[in-house]
Amino acid sequence: MKNQFVADVLYQIADLLDLKGEIFFKTRAYRTAAQAIEVLDEDIEVVAKEGRLREIPGVGEALAKKIKELIDTGKLEYFEKLKKEIPVGLLNMLKIPGLGPKKVAAVYQHLGVKTIEQLRQACLEGKLRTLDGFGETTENNILRGIQLLEKTRGRVLLNVAYEDGMKYIDYLKQCNEIQRLSIAGSLRRMKETIGDIDILASSDNPDKVMDYFVEYSDVQRVLLKGSTKTSVVLKDDLQVDLRVVKEESFGSALQYFTGSKEHNVKMRGIAIKQGFKLNEYGLFDKETNEYIVGKDEKEIYNKLGLMYIEPELRENRGEIEMAEKHKLPKLIMYNDVKGDFHVHSNWSDGSESIQTIAEYTQSKGYEYIGIADHSQSLKVARGLSEEKVVKKIKEVEKVNKKLLDFKVLCGTECDIKPDGSLDYSDKVLKLFDFVYAGVHSTFKMTREEMTKRVTKAIENEHVDFLAHPTCRLIGRREPFDLDMEQVIDVAKETNTFLEINAFPDRLDLNDLHARLGKEKGVKFVLGTDAHSLTHLDFMQYGVATARRGWLEKKDVLNTYPLKEIERFLSR
Ligand code: DGT
Ligand code: CA
Ligand code: CA
């Protein structure tokens, strides 16, 4: 699906036009269209092919033509021209979280700031606060934004790499010369951000495989092409490395190129201690150089006296020691999930009706679905008034009457106010099948204040789940400074499930927090935070994070059958 790609280009055009000081309505057209395409439940390529682009809100004839060009060629001349008209440093400044076109234009016009480095200097020297609408806080926010940008530079979110990688794999599967094929690297470990995509193949005819590899339609340019390694850059600027090895080395190469580097270093040390040598070609006798195993990953781990270690655990965080003792957890599996609890319907800011969501998720194989719309104060997200809550509950009952072997649970994502109180009265909270509590505004608080706010909220007896506990947005907003140990302790005392929000920009709690929670005996709930049907597929990134946090099936509410869910929620 190219939806996100097209939406991103349109957002960038809107920013560029703002920068150029274009008239307001033109800019708005690009943003409206970008938003509509982002949550579109159809593949934009299909819509384009069937000539239905103009049915998308905000898309007129001219814009439809541009979108078509973008889909067909991967490029848009208008966009390229626009970029050339504006100093490239200003474009880079737009990538700083929290810095919009208006502010960039102001620092450029009044201070002559043209690059991120100059902007950093100007902030440090306190020059921005001399401008209208800027203050010391703005300067600090910009400095923090620059830091955040530098941390994620050149990396993409997991879902972007995953979709690109799977599409490439589908293409490579058509190549007759390839025997076995796998994703490797950080993508196989399902890390929250990915630097580049690594793919491994085995073949007796590597040159033919490489020829086929570079012929892929999404390739922008070839960086290097050899018979063991070829690297290309895709049209969305993501790099893909392909390695081709012989069948007998496939397992050892997969082990090597899956990483992490830290995991591999430890593995090689263990091999040496036992009189072996381990590299991407196989496991060898240290003295005689005789090949021992290498066809399959499992053989290698077992030969070294280790349990097989799932890719998501390979970070050298104690997994090798546990594998030696045969004490690794049996991780939750991707198909263990029986339902999602964090879904927004068109009663608040989601794009689909409850009925449509129910039918779709049942066809996906779920047993239940939890609809958690926003609460009354969250006006930007069309939060539900108390009267509307009552109406919505009736609607859910109506939908449930029509469904067989499936249940819609009516919940809410209730806002936590700055003082830790909740956005609905207890009387209203009691009406829901389940209650998520979550922070949605006033993020700037001290560690003590924020910890108090969150723990007070989950101490309310009607709250079942804590939504996206740290509120981070990867690459855009830092997590709260929370006393996570204390939050976990209170969650345990109050039987509150901590969410692993599966939305790829969030993945919140993260893997390390999940592991800490598990060690302290707290339980978890997975939620996609879906606002459209396609977002429901984000569940796998939540499961990946749970696996990276060493969680087992029993630690995660969504793996339980409906009966047990209802028993828990009625307590
Ligand atoms: P990324 O791409 O930054 O998200 O992270 P990775 O883990 O995919 O790293 P990448 O693409 O540089 O290399 C893929 C794997 O290859 C890496 O996880 C382990 C292995 N590898 C690469 N370079 C080295 C190295 O210098 N030493 C060792 N032991 N392994 C390496
Ligand atoms: Ca990689
Ligand atoms: Ca790589």
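## Exercises on ligand 1 and two calcium ions

In this predicted model, 16 residues surround ligand 1, the closest being Arg 155, Ser 186, Arg 189, Gly 195 and Asp 196; a residue is near the ligand if one of its heavy atoms lies within 4 Å of it. Residues are numbered from 1 along each chain as its sequence is written, chains are lettered from A and ligands numbered from 1 in written order, and side-chain values use heavy atoms, leaving out hydrogens and water. Local features need pLDDT of at least 70 and side-chain atom pairs count only at pLDDT 80 or more, while totals for chains, interfaces and linings use all residues.

**Exercise 1.** Describe the shell around ligand 1 by residue class and by domain.

*Solution.* Begin with the classes: the shell divides into three nonpolar, seven polar and six charged residues, where Ala, Val, Leu, Ile, Met, Phe, Trp, Tyr, Cys and Pro count as nonpolar, Asp, Glu, Lys and Arg as charged, and the others, Gly among them, as polar. Then turn to the domains, whose bounds come from an automatic or database domain assignment: domain 2 (156-245) and domain 3 (253-324) each give at least three residues to the shell.

**Exercise 2.** Find polar contacts of ligand 1, and state how much of the ligand the protein buries.

*Solution.* A polar contact here is a pair of N or O atoms within 3.5 Å. First, a polar backbone atom of Gly 195 is 2.8 Å from an oxygen atom of ligand 1. Next, an N or O atom in the side chain of Asp 196 lies 2.9 Å from an oxygen atom of the ligand, and a polar side-chain atom of Arg 268 is 3.2 Å from a nitrogen atom of ligand 1. Finally, ligand 1 taken alone exposes 590 Å², of which the protein buries 72%, with areas from the Shrake-Rupley method and a 1.4 Å probe.

**Exercise 3.** Work out which protein atoms coordinate the calcium ion (ligand 2) and the calcium ion (ligand 3), and which residue bridges them.

*Solution.* Donors are N, O and S atoms within 2.8 Å of the metal, or 3.2 Å for Na, K and Ca, and sites may look incomplete because water is not among the atoms. For the calcium ion (ligand 2), Asp 196 (O), Asp 196 (OD) and Asp 198 (OD) coordinate at 2.2 to 2.5 Å. For the calcium ion (ligand 3), the protein donors are Asp 196 (OD), Asp 196 (OD), Asp 198 (OD) and Asp 241 (OD), at 2.3 to 2.6 Å, and its donor residues are spaced D-x1-D-x42-D in sequence. The bridging residue is Asp 196, which coordinates both ions, 3.7 Å apart.

Conventions
Polar contact = N/O pair within 3.5 Å; in protein donor to acceptor, adjacent residues only side chain to side chain.
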